[in-house]
Amino acid sequence: MTDLSLYRAEPPDALLVQPLDELTLLYHRPSGQTHMVMSPVPEILDALRAGAADAATVQARLSRDFDLGPASEAIPVIAAHLDEMTRLGVVRRL
C-alpha cells in the first residue's frame, strides 16, 4: 500500500543548504541543528519546493531529471526518505 501522506519542505528561510562535495550540509535554523546528508535528500527537498507532495508525486517530479527505475520500487524508497527527513525536522508531514 502506498503512503498517501503529504509532506512539505521547511520554508527556505528556515533551512540553509550548503553542498560540500558529495555531502550536503543542512542547517535547520529553528533548531540550531546541522545535518550531513547525501543524495537523494537534497533532490527530494528540491522536489518539495514545488509544493506539498506525497511520495508518488515526489517520484514523478524527480523522474523528470533522474532515472529512478520502476516507480513501484522508487516510491517506497522515497517514502522512507521522507519519513527520515521528517524525523530530522527538514520536512513536515501535513
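Hi everyone, let's start with the strands: β3, residues 23-28, is joined to β4 by five bridges, and the two run antiparallel. One pairing to look for is L25, whose bridge partner in β4 is M36. Please keep in mind that this is a predicted model.

Stepping back, β3 belongs to an open sheet of three strands, in the order β2-β3-β4, with antiparallel pairing. The edges are β2 (15-20) and β4 (33-37), each pairing on one side only. On average, neighbouring strands here are turned by 20° against each other, ignoring direction. Helix α1 packs on this sheet and touches β2, β3 and β4, with its direction at about 55° to that of β3.

Now, the core. The largest nonpolar one has 21 residues, and I44, L48, V58 and L82 have the most contacts inside it. At least two residues each come from β1 (7-9), α1 (41-48), α2 (55-62) and α3 (71-88). If you click on V58, you'll find that among its contacts are I44, L48, I78 and L82.

Finally, the salt bridges: there are three in the structure. My favourite is E10 with R92, where the closest N and O atoms are 2.6 Å apart. E10 sits in the loop between β1 and β2 while R92 is in β5 (residues 91-93), so this pair ties together parts 82 residues apart in sequence. Is E10 buried or exposed? It counts as buried, because its relative accessibility is 3%, under the 20% limit. R92, at 42%, is partly exposed.

R93 also pairs with D83, at 2.4 Å between the closest N and O atoms, so strand β5 is tied to helix α3. Thanks, everyone!

Note on methods. Residues numbered from 1 in each chain as written. Predicted model: local features only at pLDDT ≥ 70, side-chain atom pairs only at ≥ 80, totals over all residues. Heavy atoms only, no water. Core = buried A, V, L, I, M, F, W, Y, C linked by side-chain atoms within 4.5 Å. Buried < 20%, exposed > 50% of the residue type's maximum accessible area, 1.4 Å probe, protein only. Helix = DSSP H or I, 4+ residues; strand = E, 2+ residues; numbered from the N terminus. Contact = heavy atoms within 4.5 Å. Pairing = 2+ DSSP bridges. Axes fitted to C-alpha atoms, helices over the stretch in contact; angles between N-to-C directions. Salt bridge = Lys/Arg side-chain N within 4 Å of Asp/Glu carboxyl O. Lists of a residue's contacts leave out its neighbours within four places in sequence.
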